[in-house]
Amino acid sequence: MPSLTRVVLAEDEVLLREGLVGLLTRFDFTVCAAVGSAPELLDAAREHEPDLVLTDIRMPPGRRDDGLRAAVALRAERQHLPVVVLSQYVQTGYAAALLDSGDGQRVGYLLKDRVAEVTEFVDTLRRVTAGGTAIDPDVVRQLLHRPRDPLAALSAREREVLTLLAEGRSNASIASRLHVTEAAVGKHVGNILLKLDLPPSDDTNRRVLAVLTYLRADPTA
């Protein structure tokens, strides 16, 4: 029997925290610790060395971006640590900070509303734990349609592909969603990376860098 994914959870709202504990347990995650502040998150993650950290962005003691800063600090210590952060509102700068942490992979940024979409939420946690990246679709849409779009060179189809790619979807998933072949998706991804001037490299995930190109270009981030 495969080992269960070990999670450290940080959420200051007691009812939501308990609800997340129940949901995670139901889907075969092991909650090592469930805490209500950023300092407690740091202590628990260092003690338990979990497979995944799931945290709200706004946490005590400052109730601003304390949870995010704690997550970024933990990824500075363990750059491969999978982290998913939850936010009440779309804040592209937060997504940029998370993607810029560690190795730029194994991160997720979701709006809290997504928790209600249980199957998709759990799939996202598993995808990030397995090495993927997942950015909330609302964040991606805001980036793609903001003024002074730095991605004017991309075609409409390439924008569609990149929207889905930025959500952390595989080529097969994108092909299914757009009703095209995987080969066609691969060609679009190649064109996107070429237009964003992201040459091949053995040391970086160019899909992540493509998303990061948006976030860094956002004048409000």
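A residue is called buried here when its relative accessible area is under 20%, exposed when that value is over 50%, and partly exposed in between, using a 1.4 Å probe and protein chains only. Helices (H or I, at least four residues) and strands (E, at least two) are DSSP runs, numbered from the N terminus. The model is predicted, and local features need a pLDDT of at least 70, side-chain atom pairs count only at pLDDT 80 or more, while totals for chains, interfaces and linings use all residues. Residues are numbered from 1 along each chain as its sequence is written, and side-chain values use heavy atoms, with hydrogens and water left out.

Taken as a whole, the chain has ten helices and six strands, and buried residues make up 48% of its 221 residues. Contact means that heavy atoms lie within 4.5 Å, and of the contacts in the chain with a separation of 6 or more, 66% join residues that are 24 or more positions apart. The chain exposes about 10,600 Å², of which carbon and sulfur atoms supply 51%; such accessible areas come from the Shrake-Rupley method with a 1.4 Å probe, and for residues only the protein chains shown count as cover.

The strands are a good place to begin. Two strands are said to pair if DSSP finds at least two bridges between them, and by this rule six strands form an open sheet in the order E2-E1-E3-E4-E5-E6, with parallel pairing. Strand E2 (29–35) and strand E6 (134–135) are the edge strands, each pairing on one side only. Further in, E3 is joined by four bridges to strand E4 (residues 83–87), and these two run parallel. In a regular strand the side chains alternate between the two faces of the sheet. In E4 both faces are covered, with Val83, Val85 and Ser87 buried on one side and Val84 and Leu86 buried on the other, so that five of its five residues are buried.

Aspartate 56 belongs to strand E3 (residues 52–56), and its bridge partner in E4 is leucine 86. Because its relative accessibility is 5%, aspartate 56 counts as buried. Leaving aside neighbours within four places in sequence, aspartate 56 is in contact with Ala10, Glu11, Asp12, Gly67, Leu68, Leu86 and Lys112. An unreviewed UniProt entry carries the annotation "modified residue: 4-aspartylphosphate" for Asp56; UniProt positions are given in the numbering used here, feature names are shortened, and annotations may be inferred rather than shown by experiment.

Which residues of H3 are buried? They are Asp66, Gly67, Leu68, Ala70, Ala71, Leu74 and Arg75. An α-helix has 3.6 residues a turn, so residues three or four places apart point the same way. The expected span of a helix is 1.5 Å times one less than its number of residues, and therefore the twelve residues of helix H3 (residues 66–77) should span 16 Å, which agrees with the 17 Å between its end C-alpha atoms.

Helix H1 (residues 14–26) lies across strand E1 (5–10), E2, E3 and E4, and runs at about 165 degrees to E2, where axes are lines fitted to C-alpha atoms, for helices over the stretch in contact, and angles run from 0 to 180 degrees between N-to-C directions. The buried residues of H1 are Arg17, Leu20, Val21, Leu23 and Leu24, and they pack against E1, E2, E3, E4 and helix H5 (118–129). After H1 comes aspartate 28, whose phi is positive, near 70 degrees.

Most residues other than glycine have a negative phi, and most peptide bonds are trans. Glutamate 49, in the loop between helix H2 (38–48) and E3, has a positive phi near 45 degrees, and because its relative accessibility is 53% it counts as exposed. Arginine 106, in the loop between helix H4 (92–99) and strand E5 (107–111), also has a positive phi, of about 60 degrees, but with a relative accessible area of 22% arginine 106 is partly exposed. The peptide bond from proline 60 to proline 61 is cis, with omega near 10 degrees, and proline 61 is found in the loop between E3 and H3.

Later in the chain, leucine 154 sits in the loop between helix H6 (137–144) and H7, and is buried because its relative accessible area is 6%. Leucine 154 and lysine 195 are 41 residues apart in sequence, yet their C-alpha atoms are 7.3 Å apart in space.
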